[in-house]
Amino acid sequence: EPHTELKNQHLFSNAFFLQKKTKMKGFAIAIAALCGATASAFVQNGARAFVPVTRSPNALSMAEEVFDQEAFIAESKEMRLKHLEEQAMFALKIACENYGNAVFPNALIAGDCVITHLLHRLGYLNDGKCKVMVVDTFHLFPETMEFLREIEEFYDFKAEVFCAEGVPVGDKAAYDAKYGADLWKEDIEQYDKVCKVEPFQRGLKECGTDCMINGRTRWQGFERAWIDQFENAPIGGGLAKCNPIAYWTLEDTFDYIAKYNVPAHPLHAKGYPSIGDAKDTIPIPEDGSTRFVDFKFEGDKTPWLDYASERKGRFVGLANKDGSTKTECGIHVAGAEKTFDRDLWEEGSVKDIASTDAALEIKNSGKPAVIAVYAPWCQFCQGMEEEYAKFADEAGIDVYKFRGDEIRDFVQKELNTQSFPTINVVKADGTVVKYESEVRTVEAIKEFVDKTIA
C-alpha cells in the first residue's frame, strides 16, 4: 500500500483531471504513474519503496497507458492559451461595452498585434466601439507605417495618426524645420514630450477617450511587474486603463500569433523582439540570429523570451537626466498627464512678438529691448518663466517673447538662436547680443542687460 499522502495526491490528480472529461482521462493515470515513479523519495523505509518503471525520457507508463510528456506539454500550452485568450477578450468586452469611447493606442509590437486581432474577432474595429490611434514620432522604422497600412487593409479599419503638434501627419521636413532633426540628441526628455507624450495625450483627448486599451504586460520588466488588467491612468484625472494581456508572457504572445497566423511586424523576421524608434532600437542578439519568420522561431529564442527581455533592444544608448538607463518613453510614467496646451508668459509685462516682420521692426527701431526666443514645450523655457516675468516687471525697457520653434531659420539668422531659450539684448544701433549664461535669475539677466546697453 502506498503512503496516505501519495494516495491522496493520486486521488486529487484523478479528481482534477476527470473534470476535463474523457479527453484528459489518460493524463490522470499518467500523473499517478509519475507519482509512482518518484515515490521512493517520500518513502520512510526501503520495504515500502516503489520501483520506478524504466522508460524512454519522453514516456512513463502504468499498466497499458503511456504518458507522452511532449503531448502533455502541448496540451497544457493549448489550455493556457485558451484561458489567456478568454481572459483578454473578457477584458476587452468590458472596455468596449461598458465605456463610451474605448481607444487603443497601437504601437504595432507583438502584443499590440494580438490585441488588434482580438478586437477584430470581437467586431469592435468595424462597429466603432473601439478606435485605434497611432503616434508617428517621425523616427520610426519605414516598415512600421507600411505595416500599419497592411493591417488596416487586413482588418478593415482606419487608425487615427497623431504626431508632433503643428506638423502635418507624415511631413518629416516640417517636423525638422519646427523642432530640429536632432532634438532627441539635444534633449531626450523634450523629444519624448514633443514626439510621444504630447501627441499621445492629444490623441486621447481628440478621440474622447474614457478607457485606454494598451499592451503592457507584467513580463516586460520590473517597472510593469504588478500591473493588472484594469487600473486608473493619471491622464485626465481618472481615465480607465485596460491591459488585456497583462498576464501574458512574450512566449504566450508569439505562440498565439503562430496559432492564428496573426499579422506581425516584419522586423521580427530580422531579429527585433520589440520595435520602437529606428534611432535607438537594435536586434537581440545584435547579430540578428534570433528571428520569428513565417510564424515560427529561427535560432535560440531564449534571448527574446527570458523575463524582461522583450524591450532589451529598445532605448539603446539613451539615458535619463539623472544618468539612469532609459527604459520608458514617458507615456506610461508619473507626470505624463501634464499637457502642453498653454503658452508661456500669457499675462504680465512680457510682450509678445507676433511675426518676423514685427521682430525686425523692434530690431531696427533704435530703442534698446530684450527678446527671449523660446519654445513653450521646452523645460528650460518653462523653468525661467517666473524669473523672466519678474525681470520684465522691473526692467524699465521693453521685454519681449518670440516663439522660435516654428521659424528656426529666421531666429538662427536674426536672433542668435541655436537652442531654447535664447535671451538677446537689442542695442539702440540694432546690434543683437546674446546672453550666454545659463543662470537665468532676475539679478543675472539685469546685470547683463545693464552692461550691454550702457
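Here are legends for four close-up views of this predicted model.

**View 1. His-139 and what sits around it.**
We start in the loop that runs between β4 (130–135) and α5 (142–155), which is where you'll find His-139. Its relative accessible area comes to 10%, and buried here means under 20%, so His-139 counts as buried. The side chain of His-139 makes a polar contact with that of Tyr-191, at 3.3 Å. Leaving aside residues up to four places away in sequence, His-139 touches Tyr-175, Ala-181, Trp-184 and Tyr-191, plus a run made of Asp-277, Ala-278 and Lys-279.

**View 2. Helix α5 and its buried side.**
Next comes α5, with 14 residues. From first C-alpha to last, α5 reaches 21 Å, close to the 20 Å expected at 1.5 Å a residue. Which residues of α5 are buried? They are Thr-144, Met-145, Phe-147, Leu-148, Ile-151, Glu-152 and Tyr-155. Those residues cover an arc of only 155 degrees around the axis, so they lie on the same side of α5. As a reminder, an α-helix has 3.6 residues a turn, so residues three or four places apart point the same way. The cover over the buried residues of α5 includes α4 (110–121), β4 and β5 (160–162).

**View 3. The other face of α5, and the residue just after the helix.**
Flip your attention to the face of α5 turned away from its buried side, and you meet the exposed residues Pro-142, Glu-153 and Phe-154. Just after α5 comes Asp-156, and its phi is positive, at about 60 degrees.

**View 4. The six-stranded sheet, with α4 packed on it.**
This sheet is open, its pairing is mixed, and its strands go in the order β5-β4-β3-β6-β8-β7. Which strands sit at the edges? Those are β5 and β7 (230–232), each of which pairs on one side only. On average, and ignoring direction, neighbouring strands of the sheet are turned by 30 degrees against each other. For a look at one pairing, take β6 (residues 211–213) and β8 (residues 240–242): they run parallel and are joined by three bridges. One residue to pick out is Met-212, whose bridge partner in β8 is Lys-241. Helix α4 packs on the sheet, where it touches β3 (102–105), β4 and β6. The direction of α4 makes about 145 degrees with that of β3. Helix α4 also turns up in View 2, as part of what covers the buried residues of α5.

Conventions:
Residues are numbered from 1 along each chain as its sequence is written. This is a predicted model: local features need pLDDT of at least 70, side-chain atom pairs count only at pLDDT 80 or more; totals for chains, interfaces and linings use all residues. Side-chain values use heavy atoms; hydrogens and water are left out. Helices (H or I, at least four residues) and strands (E, at least two) are DSSP runs, numbered from the N terminus. Buried means under 20% relative accessible area, exposed over 50%, partly exposed in between (1.4 Å probe, protein chains only). A polar contact is a pair of N or O atoms within 3.5 Å; within protein, one must be able to donate a hydrogen and the other to accept it, and residues adjacent in sequence count only if both atoms are side-chain atoms. Contact means heavy atoms within 4.5 Å. The expected span of a helix is 1.5 Å times one less than its number of residues. The arc is that of the directions from the helix axis to the C-beta atoms. Two strands pair if DSSP finds at least two bridges between them. Axes are lines fitted to C-alpha atoms, for helices over the stretch in contact, and angles run from 0 to 180 degrees between N-to-C directions.
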